[in-house]
Amino acid sequence: MRLRHLFLWDMRFQAKYGFYLLYGLLTILYIVILFALPQAWRGRAAALLIFSDPAAMGLFFMGAIVLLEKSQRVPCAFAAAPIRAAEYVVSKTASLCFISLIVAAILAIVAGLPHLPGVLLGTALSGILFTLLGMILATKITSLNQFILFTVPVEIACFVPAVLHLFQLLPTELRNYPANVCMDMIAGKGFTAVGILLTVAVIIILFYLAEKCVLKMWGSAGGVKL
């Protein structure tokens with residue numbers, strides 16, 4: 001029950017600050033771009049767009065979300081409320097993945113991708129990975145500029161290998177790298193059980209780290225350690 005209320009609160013928070021409006025406009029822009037491309041290019045272009053934006057939404061916006069909550073003293077309320085850090089992490093991740101999946105589905109349909117379930121699974125896994133990474137970073141920053149700076153190494157580590165892998169510019173031994181596994185799913189390529197297990201293992205580790213970082217952030221709410 002707490003998790004459901006927290007999820008709905010997150011969705012209202014995101015709607016209030018224009019997240020849905022922004023992604024509505026971006027989706028229209030991406031559709032225009034896809035229609036402007038030759039049919040032969042749309043598959044890879046759609047995979048790139050999905051992986052680099054809706055799937056990575058949590059990485060880009062988690063800093064703004066956490067900073068807004070800090071400015072409104074929301075962590076102080078969470079620290080005193082009977083809410084677990086794990087519930088907070090799950091709610092944030094699920095609410096952002098909800099938007100990601102809708103946008104990814106629209107782009108996949110527009111591009112004519114025949115493997116919609118794979119697109120959605122790849123988007124969900126990469127969305128969880130990026131959101132957890134974004135949350136870990138967001139709990140440690142005090143300004144949006146600082147968050148942007150901190151995300152640069154993450155973007156290099158995730159986006160560069162995935163894009164190179166999409167265009168087959170990396171050794172096949174790296175196909176089990178989590179970002180590459182997600183890209184393969186979105187692009188409709190084959191993936192291995194080892195790649196899935198490794199991706200899930202990384203998600204579990206990141207979830208544990210995100211939970212600990214949230215607890216530490218709540219413990220320091222208001223400028224004093226609780």
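A disulfide is taken here as a pair of cysteine sulfur atoms within 2.5 Å. The structure is a predicted model, and by this criterion the number of disulfides is zero. C158 takes part in no disulfide, the nearest cysteine sulfur being that of C182, 9.1 Å away. For C213, the closest cysteine sulfur is that of C158, at 16 Å, which is too far for a bond because the cut-off is 2.5 Å. The relative accessibility of C158 is 12%, so this residue counts as buried. C213 also has a relative accessibility of 12% and is therefore classed as buried.

Charged contacts were examined next. Two salt bridges are present in the structure. In one of them, the side chains of K92 and D10 meet with an N to O distance of 2.7 Å. This pair connects distant parts of the chain, with K92 in helix α6 (residues 85–111) and D10 in helix α1 (residues 2–16), at a separation of 82 residues. Both K92 and D10 are buried. A salt bridge is also formed between the side chains of K92 and E69, at 2.8 Å from N to O. Here, too, distant parts of the chain are linked: E69 belongs to helix α4 (residues 57–71), K92 to helix α6, and the two residues are 23 apart. E69 is buried, as is K92. D10, E69 and K92 are thus joined in a network of salt bridges.

Aromatic contacts form a further set, and the search of the whole structure returns nine aromatic pairs. One of these, F13 with Y17, has a centre-to-centre distance of 4.9 Å and an angle of 50 degrees between the planes, and is classed as tilted. The two partners were assigned to separate accessibility classes: F13 is buried, with a relative accessible area of 5%, whereas Y17, at 32% relative accessibility, is partly exposed. The rings of Y88 and W218 have centres 5.4 Å apart and planes at 80 degrees, so this pair is edge-to-face. Because Y88 lies in helix α6 and W218 in helix α10 (residues 193–219), the pair ties together parts of the chain that are 130 residues apart in sequence. Y88 and W218 are both buried. In addition, one aromatic cluster is formed by F51, F60, F130 and F159.

Helix α8 (residues 144–166) contains L164 and also P161. L164 has a relative accessibility of 31% and therefore counts as partly exposed, since that class lies between 20% and 50%. L164 belongs to a nonpolar surface patch that also includes V152, I156, V160, V163, F167 and L169. Together, the residues of this patch have about 550 Å² of accessible area. P161, in contrast to L164, is classed as buried, because its relative accessibility is 17%. When residues up to four places away in sequence are left out, the contacts of P161 are I156, L170, Y177 and N180. Among these, I156 is also a member of the nonpolar patch. The C-alpha atom of P161 is separated by 9.6 Å from that of R175, a residue 14 positions away along the chain.

Key: Residues numbered from 1 in each chain as written. Predicted model: local features only at pLDDT ≥ 70, side-chain atom pairs only at ≥ 80, totals over all residues. Heavy atoms only, no water. Salt bridge = Lys/Arg side-chain N within 4 Å of Asp/Glu carboxyl O. Helix = DSSP H or I, 4+ residues; strand = E, 2+ residues; numbered from the N terminus. Buried < 20%, exposed > 50% of the residue type's maximum accessible area, 1.4 Å probe, protein only. Patch = residues over 30% accessible without salt bridge, like charges linked within 9 Å, V, L, I, M, F, W, Y side chains within 5 Å. Areas by Shrake-Rupley, 256 points an atom, 1.4 Å probe, with all protein chains shown as cover. Contact = heavy atoms within 4.5 Å. Phe/Tyr/Trp six-rings, centres within 6.5 Å; stacked < 30°, edge-to-face > 60°.
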